[in-house]
Amino acid sequence: MKRTTISLIATTVALAAITGFAALTAPGGGSTAEAGAAARLPVERSSLLCPAPSSSEIAETAYTSFTPVGKAGDAKDGAAELKASAATLADTGTTPKKDAKKDAKKDAAAEGAKKPAPDKAVLALKEPGKPVAAKADGGEAPALVGTATGRLAPGWTAQQTTTVTAGGSRGVLGVSCTAPDTDFWFPGASIAKNRQDYVHLTNPDPTAAVADIELYGKDGALKTTLTEGIPVPAGSSVPVLLSTLTSDPAADLTVHVTTRTGRVGAVVRAADDKAGSDWLAASADPSGTAVLPGIPADATSVQLVAFAPGDDDADLKVQLAGATGRITPAGHETLHIKSGMTAAVDLQDVTKGEAGSLILSPAQSSQATPVVAALRVVRGKGDKQEVAFIPATAPVGERATAADNRAKGSILSLTAPDAGAQVKVTASAGTQGGTQVVKTYTVKAGTTLAVPPPVPAGLKGSYALTVETVSGGPVHASRTLTLPQDGIPMFTVQTLPDDRGTVAVPKAEQDLSVLDD
C-alpha cells in the first residue's frame with residue numbers, strides 16, 4: 001500500500017489567489033481556517049471592463065491603466081491588456097416610447113453602430129508602478145475588456161475619461177473600469193423627459209450571458225417590457241436605453257441589474273438636457289450605513305437618492321462630514337425609505353462652500369436596515385451647469401487606486417466616519433515621465449479632508465493615486481477631476497473602494513491525506 005499526500009489547503013490557496021474566493025471544509029465538517037489563522041495572498045488574475053465611451057463624434061477619450069508596486073516575494077511575471085470587445089451591439093430591440101426625444105433615438109442608433117475593432121491591445125501595461133495611457137476620438141470607440149495576470153493582477157486599475165464639449169452628452173464622463181459581477185444597484189438613474197440614461201452591459205467571457213433589469217420608482221417596482229432577460233453575447237457589450245423599458249417617466253429611479261447566466265460589467269451613462277452627462281457607477285452592496293465621499297465645496301445642488309431592497313423600511317440619520325466634524329443638514333435630519341421604494345431628497349447647496357461627505361446611518365442603532373444610495377451633484381448655474389454622481393462606497397481598506405490624475409484639477413477626499421485614521425498616498429510616476437511622491441495624511445474622526453493630492457516630481461502625462469490605510473478606523477475616499485471648458489466647471493468623481501488585490505486563505509498547518517492502494 002502506498003500513501004499519496006494531497007495538500008487540499010494548498011489547492012485552496014491557489015484557487016483563492018486566482019479567483020479571489022475559496023472555501024474548504026475538512027473531514028468532519030470543520031473549516032480548515034480552524035487549523036490556523038488566515039493569511040493574505042495576492043490575487044493572480046483580475047478582469048476589468050470599460051463601457052463604450054460615447055456616441056458623440058466630438059468625444060475625446062483618455063484611457064489609463066495602472067497596477068501598484070507589490071511586495072517583495074510577489075509574482076515576477078505577468079501581463080495586463082485591455083482589448084476592444086467583439087462588438088458593441090444595438091439597444092435591446094424594444095421600441096422607444098412615442099414621446100421620446102429625437103436625440104434619444106439618434107443616440108440609440110449611434111450606440112448600435114459601433115464596429116468591432118481588431119483583436120489587439122488598446123492598452124498594454126508592462127510593469128507595476130508605471131501607468132500607461134492611450135487615446136480614442138469620436139463616437140466609434142468600442143467597449144474594452146481586459147485581464148491582468150501575475151504581478152500585474154493585484155490592484156489593477158483602469159480609468160476611462162471622456163470629454164464632450166457640446167451637445168446633449170456634453171461633459172466630462174469619468175468611470176473606473178469595473179470588474180464583472182452578477183448583481184449591481186444604481187440609485188440615481190432617471191427616465192424623466194430631460195434625461196437619457198443607458199445601462200451598459202459588457203460580457204468578458206467566451207459564453208453568452210443573460211441579464212435582468214428591474215426598475216424601482218417612488219411607489220415601488222415599475223412594470224417593464226422585459227420578460228425573458230437581455231442576452232449579452234460572448235465578449236460583447238449591449239447598451240440599454242432605460243426609457244424603452246417602461247412607459248412610466250420616473251424622475252428618480254433605482255436600477256437593479258442581475259444575471260441569470262454568466263456575469264457582466266454594468267454602469268449607467270446618464271445625460272441631462274441642462275446639466276450635461278457623466279457615468280453613474282454601482283453603489284456599494286446594501287448596508288445599514290452608507291458613506292458618499294467627496295461633495296465639492298462649490299456644489300450648487302446635491303440630491304440624495306436611496307433605496308431599501310429588503311423587507312423592512314429604513315429610517316436613517318443624514319449627516320455631512322466636513323473639515324471640522326459632522327453636521328446635520330437643516331430640515332433633513334432623517335430620511336424614511338419604504339421597503340422596495342426609491343426615496344429622493346434635495347439637499348440643495350448643502351456644503352455651503354466647504355467640501356464634505358454624506359454619511360447615512362440608522363436612526364436607531366438597534367435597527368440597521370440595508371440600503372443603497374447615490375448623490376447627484378451639480379456645479380455651476382444656468383447654462384453653465386455640470387453634473388456628476390457619487391455612489392455609496394466601501395472603505396479604502398488595505399489599498400485603493402484612482403488612475404488618470406493631471407498636474408492640475410484633481411482633489412482627493414478622505415473621510416473617517418467613526419475613528420481617526422492615518423493614510424499613505426502615493427503619486428505614481430507619470431505616463432510619460434516623472435518620479436513617484438509619497439505623502440502621509442491624518443484624518444480626524446467624523447471629518448472629511450479634501451486636498452490637492454501630491455504630484456510626481458517632473459510629471460509628464462497623467463498619473464495614478466494609490467491610497468493605503470496605515471492605522472486607525474475605516475477611511476472612505478474619492479477623487480474629483482475638474483476639466484473646465486468655456487466657463488463650465490466640467491468634472492467627474494470616482495470613489496476608491498478596496499482594490500481586492502489580496503485574498504484571505506488559511507495557513508496550512510497540516511496536510512489532509514488520502515490512502516491509495
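Is Ala-136 buried or exposed, and what is its relative accessible area? Ala-136 is buried, with a relative accessible area of 19%, and the cut-off explains the call, because buried means under 20%. Please keep in mind that this is a predicted model. Ala-136 is found in strand 8. Its C-alpha atom is separated by 5.2 Å from that of Thr-61, although the two residues are 75 residues apart along the chain.

## A pocket beside these strands

Thr-61 turns up again in the second largest pocket, where it is among the residues closest to the centre, together with Ala-62, Ala-134, Lys-135 and Arg-406. The volume of this pocket is about 390 Å³, and 17 residues line it. Three elements give two or more residues to the lining: strand 4 (60-66), strand 8 (132-137) and strand 10 (157-164). Sorted by class, the lining has eight polar, five charged and four nonpolar residues.

## The enclosed space

How many cavities of 30 Å³ or more are there? The count comes to one, and the volume of this largest cavity is about 40 Å³. Its lining is made up of Leu-49, Cys-50, Pro-51, Thr-178, His-200, Thr-202, Gly-265, Ala-266 and Val-267. Strand 3 (45-50), strand 13 (195-202) and strand 19 (265-272) are the elements that give two or more residues to it. Of these, strand 19 gives the most, with three residues. The lining of the largest cavity divides into five nonpolar and four polar residues, with no charged ones.

## Aromatic rings

A pair of aromatic rings is described by the distance of the centres and the angle of the planes. The model has four aromatic pairs. In one of them, the rings of Phe-184 and Phe-186 have centres 6.3 Å apart and planes at 10°, so this pair is stacked; the cut-off that matters here is an angle under 30 degrees. Both Phe-184 and Phe-186 are buried.

What is the arrangement of the rings of Tyr-216 and Phe-307? Their centres lie 4.8 Å apart and their planes are at 40°, so the pair is tilted. Tyr-216 belongs to strand 14 (residues 209-217) and Phe-307 to strand 22 (residues 299-307), so the pair ties together parts that are 91 residues apart in sequence. Tyr-216 counts as buried at 15% relative accessibility, and Phe-307 counts as buried at 1%. Along with Trp-185, Tyr-216 and Phe-307 form one aromatic cluster.

A ring also takes part in a contact with a charge: the charged end of Arg-379 sits over the ring of Phe-491, 4.9 Å from the ring centre.

## Salt bridges

How many salt bridges does the structure hold? There are 15, and the table lists some of them with their N to O distances.

| Residue | Partner | Closest N and O atoms |
|---|---|---|
| Lys-83 | Glu-81 | 3.8 Å |
| Lys-130 | Glu-127 | 3.8 Å |
| Asp-219 | Lys-218 | 3.1 Å |

In the first row, Lys-83 counts as partly exposed at 27% relative accessibility, and Glu-81 counts as partly exposed at 33%. In the next row, Lys-130 is partly exposed at 46% relative accessibility, and Glu-127 is partly exposed with a relative accessible area of 33%. As for the last row, Asp-219 is exposed, and so is Lys-218.

## Backbone angles to look at

Most residues other than glycine have a negative phi. Which sign does phi have at Gln-348, and what is its value? The phi of Gln-348 is positive, at about 55°, although this residue is not a glycine. Gln-348 has its place in strand 26 (residues 342-348) and is partly exposed, with a relative accessible area of 49%.

Lys-352 has a positive phi as well, of about 50°, and is not a glycine either. Lys-352 sits in the loop between strand 26 and strand 27 (356-362). With a relative accessible area of 64%, Lys-352 is exposed; the cut-off for that class is over 50%.

Methods: Residues numbered from 1 in each chain as written. Predicted model: local features only at pLDDT ≥ 70, side-chain atom pairs only at ≥ 80, totals over all residues. Heavy atoms only, no water. Phe/Tyr/Trp six-rings, centres within 6.5 Å; stacked < 30°, edge-to-face > 60°. Buried < 20%, exposed > 50% of the residue type's maximum accessible area, 1.4 Å probe, protein only. Helix = DSSP H or I, 4+ residues; strand = E, 2+ residues; numbered from the N terminus. Lys NZ or Arg CZ within 6 Å of the ring centre and 35° of its normal. Salt bridge = Lys/Arg side-chain N within 4 Å of Asp/Glu carboxyl O. 1 Å grid on protein atoms, 1.4 Å probe; cavity = no way out; pocket = protein on both sides within 12 Å on 5 of 7 lines; lining within 4 Å. Points joined across faces, edges and corners; volume = space filled by probe spheres on them. Nonpolar A, V, L, I, M, F, W, Y, C, P; charged D, E, K, R; others polar.
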